[in-house]
Amino acid sequence: MGGDEGFRILSGVDGSGPARLALEWAVAEARLRHGQVRVVTAWQFPPVTVGMEGLIRDPDVFPQAARRLQNETLQRVDSEGVTVTGDVVQGHPADVLLRAAEDADLLVVGSRGLGGFTGMLLGSVSTQILHHSPCPVLMVRTRSRTGGEEE
């Protein structure tokens, strides 16, 4: 595992608090293992319903927004001493991360992203990743000091 380029960690970033904490953990682990981190942010066109076709005038807005979100997250994480690369990929987040994980030694994600229902232990993307990942998975979950979930 890892080959000549060192230990390869993949981290999914969607702008959520758990995803940022997962990236922080991934960078810290890469620093310890003299590895590298690849950050992947997935984006999708929103579902179009009848009458909405004319509302999407610039399809480039979605990948641009995903890149901006990824860059903002990367700026909030101290990655000094670690090679961190970022990709923005079109597709369902679970599918995108599972494909990217084929070249990784470890996949690190937050337990819940931006979608879903508050209070769920795992989101649907996290669940898919746990069941189908081609590499080991580390799931980062946030907790407040009082034991409840925090954003």
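Trainee: Let's start with Glu 24: what is its relative accessibility, and how does that class the residue?
Mentor: Happy to, and keep in mind that this is a predicted model. Buried would need under 20% relative accessible area and exposed over 50%. Glu 24 comes out between those cut-offs, at 30%, so the residue counts as partly exposed.

Trainee: Which residue does Glu 24 meet in a salt bridge?
Mentor: Side chains of opposite charge can pair when their charged atoms come close. Here the N to O distance is 3.4 Å, and both partners lie in helix 1 (residues 17–33), four residues apart, about one turn of the helix. The partner is itself partly exposed at 21% relative accessibility. The residue you want is Arg 20.

Trainee: How many residues apart in sequence are the parts that Arg 38 and Asp 87 tie together?
Mentor: The two side chains meet in a salt bridge, 2.6 Å from N to O. Arg 38 belongs to strand 2 (residues 36–43) and Asp 87 to strand 3 (residues 83–90), so the pair links parts separated in sequence by 49 residues.

Trainee: Arg 8 forms a salt bridge with Asp 105; which of the two is buried?
Mentor: Their closest N and O atoms are 3.4 Å apart. Arg 8 lies in strand 1 (residues 8–12), while its partner sits in the loop between helix 3 (93–100) and strand 4 (106–110). Arg 8 has 23% relative accessibility and counts as partly exposed. At 2%, the buried one is Asp 105.

Trainee: Good, now the interior. Which element gives the largest share of the largest nonpolar core?
Mentor: This core has 15 residues, and those touching the most other members are Ile 9, Leu 23, Val 27, Val 37 and Val 108. At least two residues each come from helix 1, strand 2 and strand 4. The largest share is five residues, supplied by helix 1.

Trainee: Which residues does Val 27 touch, leaving out those up to four places away in sequence?
Mentor: Val 27 is a good one to click on, as it is among the core members that touch the most others. With those sequence neighbours left out, its contacts are Val 37, Val 77, Asp 78, Ser 79, Val 82 and Val 84.

Trainee: In what order do the five strands form their open sheet?
Mentor: Work inward from the edges: strand 3 and strand 5 (137–140) each pair on one side only. Strand 5 is joined to strand 4 by four bridges, and these two run parallel. The pairing in the sheet is parallel, and the order is 3-2-1-4-5.

Trainee: At about what angle does helix 4 run to strand 5?
Mentor: For comparison, helix 3 lies across strand 1, strand 2, strand 3 and strand 4, and runs at about 150° to strand 2. Helix 4 (residues 124–132) lies across strand 4 and strand 5. Its angle to strand 5 is about 155°.

Trainee: One last puzzle: what is the phi of His 34?
Mentor: Most residues other than glycine have a negative phi. His 34 lies in the loop between helix 1 and strand 2, and is exposed, with a relative accessible area of 68%. Although His 34 is not a glycine, its phi is positive, at about 55°.

Conventions: Residues are numbered from 1 along each chain as its sequence is written. This is a predicted model: local features need pLDDT of at least 70, side-chain atom pairs count only at pLDDT 80 or more; totals for chains, interfaces and linings use all residues. Side-chain values use heavy atoms; hydrogens and water are left out. A salt bridge is a side-chain nitrogen of Lys or Arg within 4 Å of a carboxyl oxygen of Asp or Glu. Buried means under 20% relative accessible area, exposed over 50%, partly exposed in between (1.4 Å probe, protein chains only). A nonpolar core is a set of buried Ala, Val, Leu, Ile, Met, Phe, Trp, Tyr and Cys residues joined through side-chain atoms within 4.5 Å. Contact means heavy atoms within 4.5 Å. Two strands pair if DSSP finds at least two bridges between them. Axes are lines fitted to C-alpha atoms, for helices over the stretch in contact, and angles run from 0 to 180 degrees between N-to-C directions.
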